[in-house]
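Trainee: I'm used to gels and assays, not to models on a screen. Could you show me how to read one, feature by feature?

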Amino acid sequence: MFDVPVPDPAARAAALERLDGLVKPLGSLGRLEEIGAWLAAAHGSVPPRPLDDVRVVVFAGDHGVSALSAYPREVTAAMVRVFLAGKSGVNVLAAQVGAKVRVADIGVDWDGSDVPADVTAHKIRRGSGSIDVEDALEPGEAQAAFDAGRAIADEERDADVLIPGDMGIGNTAMCAALVAASLGLPAAEVVGTGTGVDEAGLDRKTAAVSAALTRTAGRVEDPFERLTALGSACLAATAGFLVQAAVHGIPVVLDGVFSGAAALVARDIAPGAEQWWLAGHRSTEPSQAFALKALGLEPILDLGLRLGEGSGAVQAIPTLRAARAIIAEMGLLADLA
């Protein structure tokens, strides 16, 4: 269904050959060498192109299980305004690496009529169903949201690197359910503390995810049915964004638990798309570890982050730039006098 290109194997081989010939012991720069060769394959050139145009798209939406969070649902709408004001965590961190931040309201439960039209241009619905007792989406909405994410990737296709961010109170419970359903795991193994719930809150969250998995048993093999039953409009849009970025051959740096869950579903929809993704950092949420293992991705950074928004992924951009610089600027052993 999707024409996903394969990263250039000849460019990767040429990059590895050059890396082995640099003025250093073989393999001594570890993962920087691996990432540099990955970028060369993604760009089809040695050295890879400069990573000047980095863009974060924050997919915002509310979730029916938000009552399980340590923060009220209204925070999602308030945070959309914070993104637009340039004052969020990801705004500040992205500015340090020269990345641009865009926010897309896919499913925020608010009016939103006073924000710029481009923020709500791809909106699917207000909020989502509480997955422990009902489906997250109505029939057809998962596909519509997926298509919206693809359209957003089309709009951002000139980027050198794309980063999917997220904003939505209650999203870690939804992600845990989606990862569990995708991989056949019990709720207790995938549920984490999210925004910082206490032990009693963790028990309630685990029970809700378990109820969601029981309610949807036998319905989750198809990825769009899985998104309808257990996902959200903003996660479905993120999955579409990831697939379309791969179609365009744009490198993507995944963030935390939200983009990891979306990536699992996106891989099921478009096998091979995962070759265009890197894992920016390791989240403290357990479901992300399961998702990344299934995708064959190893996080670049481990800083104990759990903010979301794309904030961890932007911290990996200097590492990608360093990996490219090694190939582009280091001298060759053959050139030594």
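Mentor: Sure. Let's begin with helix 2, which is mostly covered: 10 of its 14 residues are buried. Keep in mind as we go that this is a predicted model.

Trainee: Which residues of helix 2 are buried?

Mentor: Buried here means under 20% relative accessible area. In helix 2 that picks out Glu 33 and then Ile 35, Gly 36, Ala 37, Trp 38, Leu 39, Ala 40, Ala 41, Ala 42 and His 43.

Trainee: And what do those buried residues pack against?

Mentor: Four elements: helix 1 (9–20), strand 4 (252–254), strand 5 (277–279) and helix 15 (317–329).

Trainee: How do I check the length of helix 2?

Mentor: Compare its end-to-end reach with what you'd expect at 1.5 Å a residue. Helix 2 covers residues 30–43, and from first C-alpha to last it reaches 21 Å, close to the expected 20 Å. Right after helix 2 comes Gly 44, with a positive phi near 65°.

Trainee: You said helix 15 is one of the partners. At what angle do helix 2 and helix 15 cross?

Mentor: Roughly 80°, and their axes come within 8 Å. Angles of 65 to 115 degrees count as roughly perpendicular, so that's the word for helix 2 and helix 15.

Trainee: Which residues meet there?

Mentor: From helix 2 you have Leu 32, Ile 35, Gly 36, Ala 37 and Leu 39. Facing them in helix 15 are Thr 319, Leu 320, Ala 322, Ala 323, Arg 324, Ile 326 and Ile 327. Sorted by class, this contact has 9 nonpolar, 2 polar and 1 charged residues.

Trainee: Let me try another pair, helix 6 and helix 11. What are the angle and the axis distance?

Mentor: Helix 6 (residues 141–155) and helix 11 (residues 233–247) pack at about 45°, with axes 6 Å apart. That angle makes the two helices oblique to each other. As for handedness, helix 6 and helix 11 cross in a right-handed way.

Trainee: Which residues make that contact?

Mentor: On the helix 6 side, look for Ala 142, Ala 145, Phe 146, Gly 149, Arg 150, Ile 152, Ala 153 and Asp 154. They meet a run of helix 11 residues including Ala 236, Gly 240, Phe 241, Val 243 and Gln 244. The class count for the contact of helix 6 with helix 11 is 12 nonpolar, 3 polar and 2 charged.

Trainee: Is the crossing of helix 7 and helix 13 left-handed or right-handed?

Mentor: Left-handed. Helix 7 (residues 171–183) packs on helix 13 (residues 286–295) at about 40°, with the axes 9 Å apart. Helix 7 and helix 13 are therefore oblique too. Cys 175, Ala 176, Val 179 and Leu 183 of helix 7 touch Ser 287, Phe 290, Ala 291 and Ala 294 of helix 13. By class, the contact of helix 7 with helix 13 has 7 nonpolar, 1 polar and no charged residues.

Trainee: Now single residues. Is Trp 276 buried or exposed?

Mentor: Buried, because its relative accessible area is 3%. Trp 276 sits in the loop between helix 12 (257–269) and strand 5. Next, look for sequence-distant partners: Trp 276 and Val 252 are 24 residues apart in the chain, yet 6.2 Å apart in space, C-alpha to C-alpha. Trp 276 also touches Trp 38 and Ala 42, among others, and those two are among the buried residues of helix 2.

Trainee: Where does Val 103 lie?

Mentor: In strand 2 (residues 100–107). Val 103 is buried, with a relative accessible area of 6%. Beyond its sequence neighbours, Val 103 contacts Val 58, Ala 60, Val 80, Phe 83, Leu 84 and Val 119.

Trainee: What should I look for in the backbone?

Mentor: Exceptions to the usual pattern: most residues other than glycine have a negative phi, and most peptide bonds are trans. In this model, Glu 309 has a positive phi near 70°. Glu 309 lies in the loop between helix 13 and helix 14 (311–315), and at 4% relative accessibility it counts as buried.

Trainee: Which residues does a cis peptide bond join?

Mentor: Val 46 and Pro 47, with omega about 0°. You'll find Pro 47 in the loop between helix 2 and strand 1 (54–61).

Technical notes:
Residues numbered from 1 in each chain as written. Predicted model: local features only at pLDDT ≥ 70, side-chain atom pairs only at ≥ 80, totals over all residues. Heavy atoms only, no water. Axes fitted to C-alpha atoms, helices over the stretch in contact; angles between N-to-C directions. Parallel < 35°, antiparallel > 145°, perpendicular 65-115°, else oblique. Left-handed = near helix turned anticlockwise from the far one by under 90°. Contact = heavy atoms within 4.5 Å. Nonpolar A, V, L, I, M, F, W, Y, C, P; charged D, E, K, R; others polar. Expected span 1.5 Å × (residues − 1). Buried < 20%, exposed > 50% of the residue type's maximum accessible area, 1.4 Å probe, protein only. Lists of a residue's contacts leave out its neighbours within four places in sequence.
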